[in-house]
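Colleague: Mind walking me through this one? I'd like to go over the cysteines, the charged pairs and some of the strands.

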Amino acid sequence: MAVTGCSWLLLSATFLSVGAEISITPEPAQPAEGDNVTLAVHGLLGELLAYNWYAGPTLSLTYLVASYIVSTGDETPGPAHTGREAVRPDGSLDIQGVLPRHSGTYILQTLNRQLQTEVGYGHLQVYEILAQPVVMANNTALVERRDTLRLMCSSPSPAEVRWFFNGEALPIAIRLGQSPDGRVLTRHGIRREEAGAYQCEVWNPVSVSRSEPINLTVYFGPERVAILQDSTARTGCTIKLDFNTSLTLWCVSQSCPEPEYVWAFNGRALKNGRDHLNISSMTAAQEGTYTCIAKNPKTLLSGSASVVVKLTAAAVAMTIVPVPTKPMEGQDVTLTVQGYPKDLLVYAWYRGPASEPNRLLSQLPSGNWIAGPAHTGREVGFANCSLLVQKLNLTDAGRYMLKTVTLQGKTETLEVELQVAR
């Protein structure tokens with residue numbers, strides 16, 4: 001019996017039956033685009049006259065790929081033939097260089113000598129070779145707790161998406177909001193620990209492709225502003241220095257980016273925009289409160305820290321310098337005291353050895369001074385222990401002695417030789 005492709009199609013509409021034995025499996029099972037695929041048929045029974053292959057959900061002429069006559073080997077392409085399909089004598093269908101559009105349901109219809117038909121169903125999924133996706137961000141520089149981050153994985157493929165942070169899988173469900181398709185990540189009130197490199201990856205069973213990293217910066221701070229001395233935090237404390245020694249104060253903070261620094265001394269701004277401040281040759285004039293103010297130009301936040309710097313009373317090296325150094329007869333001279341004790345209780349000046357008959361004057365705790373037995377009416381005492389001698393004469397030349405007593409009872413004696421020129 002001779003059967004043509006058109007005549008047996010009409011018969012099949014009248015004598016359709018469904019057999020459970022026919023199965024269709026793709027080989028390979030997970031083909032990539034460009035592969036050669038065979039839809040292998042299993043379970044064919046009896047002597048068959050012809051095959052019909054359909055690429056679609058129903059036995060419709062629209063979906064007909066090809067009809068094949070077993071006895072002659074003749075194959076007739078149908079409307080759904082793409083030029084890549086060929087039917088084998090055993091009923092299997094070869095597809096050369098499959099494309100993603102070849103994916104879908106395939107139906108094989110057979111016709112036997114009793115003019116009965118059977119059908120078998122199979123499914124082909126062709127996986128594309130994925131192009132590299134691109135991560136797009138609403139902004140790559142955000143302010144902590146203020147801004148919202150939105151990342152989108154852009155890819156022309158409907159493949160599955162997964163995310164990576166600094167090269168490691170991102171715990172999306174915990175850290176970031178995820179859109180239903182996994183392609184958009186959202187984080188409200190971004191945190192500093194979420195700064196870093198983000199990548200997305202698209203994948204299917206035969207292909208995987210990861211994007212280039214996009215780097216996210218999160219601005220924060222300044223926080224925990226502190227002043228350091230020799231790597232030791234000194235914020236809120238008092239630093240004591242020996243007279244004429246040096247000190248470097250460092251201002252540190254937790255901040256991104258590095259903050260701008262402003263230093264102040266006793267409330268007055270200093271011309272110093274660096275993260276450190278040098279105090280050289282410490283004197284009484286440099287005693288006071290030093291403040292560092294750190295300002296973040298991105299977050300517009302600021303923070304400050306302060307320390308108090310004082311001279312060490314016990315470490316002051318006291319000296320006496322005549323001003324002028326070589327006074328002449330008739331001039332005034334000041335025996336200037338440098339480095340006097342800050343915890344001073346009383347002092348006394350003597351003309352010669354430190355004995356009561358030689359005492360010129362004494363400074364009392366009240367700040368007033370009183371004359372001694374050797375006072376000539378031309379000597380004046382000052383709070384800083386200095387002594388003024390007015391209208392010098394030649395008899396004023398000689399040795400002068402200063403005696404100081406601190407609040408702790410420490411006594412110190414210092415002398416100076418005064419010369420008077422004619």
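Modeller: Sure, here are your questions with my answers, one topic at a time.

Colleague: Before we start, what sort of model is this, and which pLDDT do local features need?

Modeller: Residues are numbered from 1 along each chain as its sequence is written, and side-chain values use heavy atoms, with hydrogens and water left out. It's a predicted model in which totals for chains, interfaces and linings use all residues, side-chain atom pairs count only at pLDDT 80 or more, and local features need pLDDT of at least 70.

Colleague: Okay, cysteines. How many disulfides does a search of the whole structure find?

Modeller: The criterion is a pair of cysteine sulfur atoms within 2.5 Å. Cys153 and Cys200 qualify with S to S at 2.0 Å, and Cys251 and Cys292 qualify at 1.9 Å. Counting bonded cysteines along the chain, the pattern is 1-2, 3-4. The search of the whole structure gives two.

Colleague: Which handedness does the disulfide of Cys153 and Cys200 have?

Modeller: That pair links distant parts of the chain, with Cys153 in strand 12 (residues 148–154) and Cys200 in strand 17 (residues 196–204), 47 residues apart. Strands here are DSSP runs of E with at least two residues, numbered from the N terminus. The torsion about the S-S bond is about 70°, so the disulfide of Cys153 and Cys200 is right-handed.

Colleague: And the link of Cys251 and Cys292, left-handed or right-handed?

Modeller: Cys251 and Cys292 form a disulfide. Cys251 sits in strand 22 (residues 247–256) and Cys292 in strand 26 (residues 288–295), 41 residues apart. With -90° about the S-S bond, the link is left-handed.

Colleague: Is Cys200 buried or exposed?

Modeller: Buried means under 20% relative accessible area, exposed over 50% and partly exposed in between, with a 1.4 Å probe and protein chains only. Its bonded partner Cys153 counts as buried at 3%. Cys200 has a relative accessible area of 0%, so the label is buried.

Colleague: What is the closest cysteine sulfur to that of Cys237, and why is there no bond?

Modeller: Cys237 counts as partly exposed at 25% relative accessibility. Its sulfur is too far from any other for a bond, because even the closest cysteine sulfur is 14 Å away, in Cys251.

Colleague: What about Cys256: how far is its sulfur from the closest cysteine sulfur?

Modeller: Cys256 is partly exposed, at 21% relative accessibility. The closest cysteine sulfur is in Cys251, too far for a bond at 17 Å.

Colleague: On to charges. Which residue forms a salt bridge with Arg113?

Modeller: For a salt bridge, a side-chain nitrogen of Lys or Arg has to be within 4 Å of a carboxyl oxygen of Asp or Glu. The closest N and O atoms of Arg113 and its partner are 2.8 Å apart, and that partner is Glu47. Arg113 lies in the loop between strand 8 (104–112) and strand 9 (117–124), and its partner in the loop between strand 2 (37–42) and strand 3 (48–55), so parts 66 residues apart in sequence are tied together by Arg113 and Glu47.

Colleague: Which residues are in one network with Arg192?

Modeller: Arg192 and Glu223 meet in a salt bridge at 2.6 Å, N to O. Arg192 is in the loop between strand 16 (184–188) and strand 17, while Glu223 is in strand 19 (residues 214–229), so the pair ties together parts 31 residues apart in sequence. Salt bridges that share partners join Arg192 into one network with Glu144 and Glu223.

Colleague: Now the open sheet that includes strand 10: which strands stand at its edges?

Modeller: Two strands pair if DSSP finds at least two bridges between them. The order is 10-12-16-15, with antiparallel pairing. One side of each edge strand is left without a neighbour in the sheet because each has a single partner strand; these are strand 10 and strand 15 (177–178).

Colleague: Last one: in the hairpin of strand 35 and strand 36, which turn residue has a positive phi?

Modeller: Strand 35 (residues 398–406) and strand 36 (residues 411–418) run antiparallel, joined by eight bridges. One bridge pairs Lys403 with Thr413. Four residues lie between the two strands, and the turn residue with a positive phi of about 85° is Gly409.
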